[in-house]
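Me: Could you take me through one part of this structure slowly, the place where the ligand sits? I would like to follow it on screen while I read.

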Amino acid sequence: MKKAITPGTFDPITYGHLDVIMRASQLFDNVVVAVAASPGKNPLFTLDERVELARQATAHIENVEVKPFSGLLVDFASECEATALVKGLRAITDFEYEFQMAALNYHLKQSLETLFIMSPPEYMYLSSSIVRELASLGASVDDFVPPVVADALKQKFANR
Ligand code: PNS
């Protein structure tokens, strides 16, 4: 049974994330979407909210489960018995940061492979931060996130 982990802050989950998760789910028997607490990033959505949105957005993919984690990613991967980390790569700007994380994770746990999936052109520019900014300014984000996330963003900014 081959299991992969797709980690991120998912603040909130976007169609770009879903593309990576979907493709990972076709390559592995099981995929754990690992939602990082990431307190240092001061997320817009609470950890519980991010997990719930990711669960709803991936409910249609049978071999995917969503779990929160805090602490080291490599430790959580061991806990899940995952043998690979799968991450999306967008523009070249992602590379430096992702390269650094992959090298660090390799140092911490050499048996855990990091695999990158190239984002398709339509998601190359898409990020959670862009989505948050658009939503905060009242623009539609319907092309970038599932309806449940678009509704959650509307509510979040209506209450501010
Ligand atoms: O979506 P993000 O915010 O770019 O994801 C970054 C994430 C959560 C994958 C990364 O910050 C992470 O792995 N955090 C867990 C703590 C950890 O293991 N840090 C050392 C690895 S670089």
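**Around the ligand site**

Reply: Happy to! Let's start in a loop: Phe-10 lies between β1 and α1. One thing to keep in mind is that this is a predicted model. Phe-10 has a phi near 50°, a positive value in a residue that is not glycine. In the same loop between β1 and α1 you will find Pro-12. A cis peptide bond links Asp-11 to Pro-12, with omega at about 0°. Both features are worth a glance, because most residues other than glycine have a negative phi, and most peptide bonds are trans.

Now for the ligand. The ligand sits in the largest pocket, and 14 residues surround the ligand. The closest of them are Thr-9, Lys-41, Gly-71, Leu-73 and Met-101. By type, the shell around the ligand divides into eight nonpolar, four polar and two charged residues. Both β1 (3-8) and α4 (93-108) supply at least two residues of this shell, and α4 gives the most, with four residues.

Three contacts are good ones to pick out on screen. On Thr-9, a polar side-chain atom lies 2.6 Å from an oxygen atom of the ligand. On Lys-41, a polar side-chain atom is 2.3 Å from an oxygen atom of the ligand. Leu-73 takes part through its backbone instead, with an N or O atom 2.8 Å from an oxygen atom of the ligand. As for cover, the ligand taken alone exposes 530 Å², and the protein buries 76% of that.

Next, step back to the pocket itself. The largest pocket has a volume of about 1100 Å³. Its lining is made up of 42 residues, and those closest to its centre are Gly-8, Thr-9, Lys-41, Lys-87 and Tyr-97. Thr-9 and Lys-41 will be familiar, as they are also among the residues closest to the ligand. Several elements build the lining: β1, α1 (15-27), β4 (84-89), α4 and α5 (128-136) each supply at least two residues. The largest share comes from α4, with eight residues. By type, the lining of the largest pocket divides into 19 nonpolar, 16 polar and seven charged residues.

To put the picture together, α4 is a good element to keep highlighted: α4 gives the most to the shell around the ligand and the largest share of the lining of the largest pocket. From there, look for the side chains of Thr-9 and Lys-41, then the backbone of Leu-73, each with an atom facing you in the contacts above.

Notes. Residues are numbered from 1 along each chain as its sequence is written. This is a predicted model: local features need pLDDT of at least 70, side-chain atom pairs count only at pLDDT 80 or more; totals for chains, interfaces and linings use all residues. Side-chain values use heavy atoms; hydrogens and water are left out. A residue is near a molecule or strand if one of its heavy atoms lies within 4 Å of it. A polar contact is a pair of N or O atoms within 3.5 Å; within protein, one must be able to donate a hydrogen and the other to accept it, and residues adjacent in sequence count only if both atoms are side-chain atoms. Accessible areas come from the Shrake-Rupley method with a 1.4 Å probe; for residues, only the protein chains shown count as cover. On a 1 Å grid over the protein atoms alone, a cavity is a set of points where a 1.4 Å probe fits but cannot get out, and a pocket is an open set with protein on both sides within 12 Å along at least five of seven lines; lining residues have an atom within 4 Å of a point. A molecule sits in a cavity or pocket if more than half of its atoms lie within 2 Å of its grid points. Ala, Val, Leu, Ile, Met, Phe, Trp, Tyr, Cys and Pro count as nonpolar, Asp, Glu, Lys and Arg as charged, and the others, Gly among them, as polar. Grid points are joined across faces, edges and corners, and a volume is the space filled by probe spheres set on the points.
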